[in-house]
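Biologist: Could you walk me through how to read a structure like this one? Let's bring it up.

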Amino acid sequence: MRIAVLLAIAVAAFLGATLVPGDAPEPATGDDGLHAPQPAEAETSGGSSDSYAAWVAGTTELPRAADGHFYAETQVNGAQIDMLVDTGASVVALTGADARAAGLMWSAADIRPIAQGASGPVAGMAITLDRVTLGGHEARNVRAIIVPEGLGVSLLGQSFLASVQPVRIEQDRMVLGE
């Protein structure tokens with residue numbers, strides 16, 4: 001269905017561009033005076049392909065849990081991982097059990113202080129996840145850490161959330177994407 005809608009929009013845009021006499025009007029600008037990116041630009045420009053992909057992915061809505069937080073059923077390297085959405089976390093953080101479920105291995109020699117948490121230094125190791133998926137949103141080469149001990153739930157941080165814009169809270173739900 002989404003493909004049919006996108007195809008219809010593309011055909012309408014093509015016909016509109018070819019049937020308009022003279023020069024087409026300039027695209028609308030925002031308050032900052034910059035042109036709003038068009039999907040064709042976003043698809044071909046280097047850094048904008050992520051925003052185009054987020055637009056195509058649609059929206060994902062997460063209900064607020066009884067404890068006031070938002071939780072997401074994600075796929076990490078193909079393994080289902082339930083995560084707490086933490087907009088204040090810089091990176092995705094995986095518990096030891098969730099990291100093993102995603103096929104990630106480490107040794108005690110790999111563990112060292114890697115971050116500063118609310119209760120002090122956090123011991124773990126930095127990694128890069130091949131793929132993280134939530135709903136229709138997918139990010140590749142996602143910065144993350146493994147925290148083998150002391151982390152009660154894996155955290156979905158900004159290293160993933162930055163690829164899904166916008167992220168907003170509307171009443172008792174978090175809405176990711178347009």
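What follows is a short talk about the chain, one residue and one pocket.

Modeller: First, this is a predicted model, where local features need pLDDT of at least 70, side-chain atom pairs count only at pLDDT 80 or more, and totals for chains, interfaces and linings use all residues. Residues are numbered from 1 along each chain as its sequence is written, and side-chain values use heavy atoms, with hydrogens and water left out.

Biologist: How many helices and strands are in the protein chain?

Modeller: Helices (H or I, at least four residues) and strands (E, at least two) are DSSP runs, numbered from the N terminus. Here there are five helices and ten strands.

Biologist: Is T60 buried or exposed?

Modeller: Buried means under 20% relative accessible area, exposed over 50%, partly exposed in between (1.4 Å probe, protein chains only). T60 has a relative accessible area of 11%, so T60 is buried. It sits in strand β1 (residues 60-63).

Biologist: Which side chain makes a polar contact with the side chain of T60?

Modeller: A polar contact is a pair of N or O atoms within 3.5 Å; within protein, one must be able to donate a hydrogen and the other to accept it, and residues adjacent in sequence count only if both atoms are side-chain atoms. For T60, the partner is the side chain of H137, at 3.4 Å.

Biologist: Which strand gives the most to the lining of the largest pocket?

Modeller: Lining residues have an atom within 4 Å of a point of the pocket, an open set on a 1 Å grid over the protein atoms alone where a 1.4 Å probe fits, with protein on both sides within 12 Å along at least five of seven lines. β6 gives the most, with four residues.
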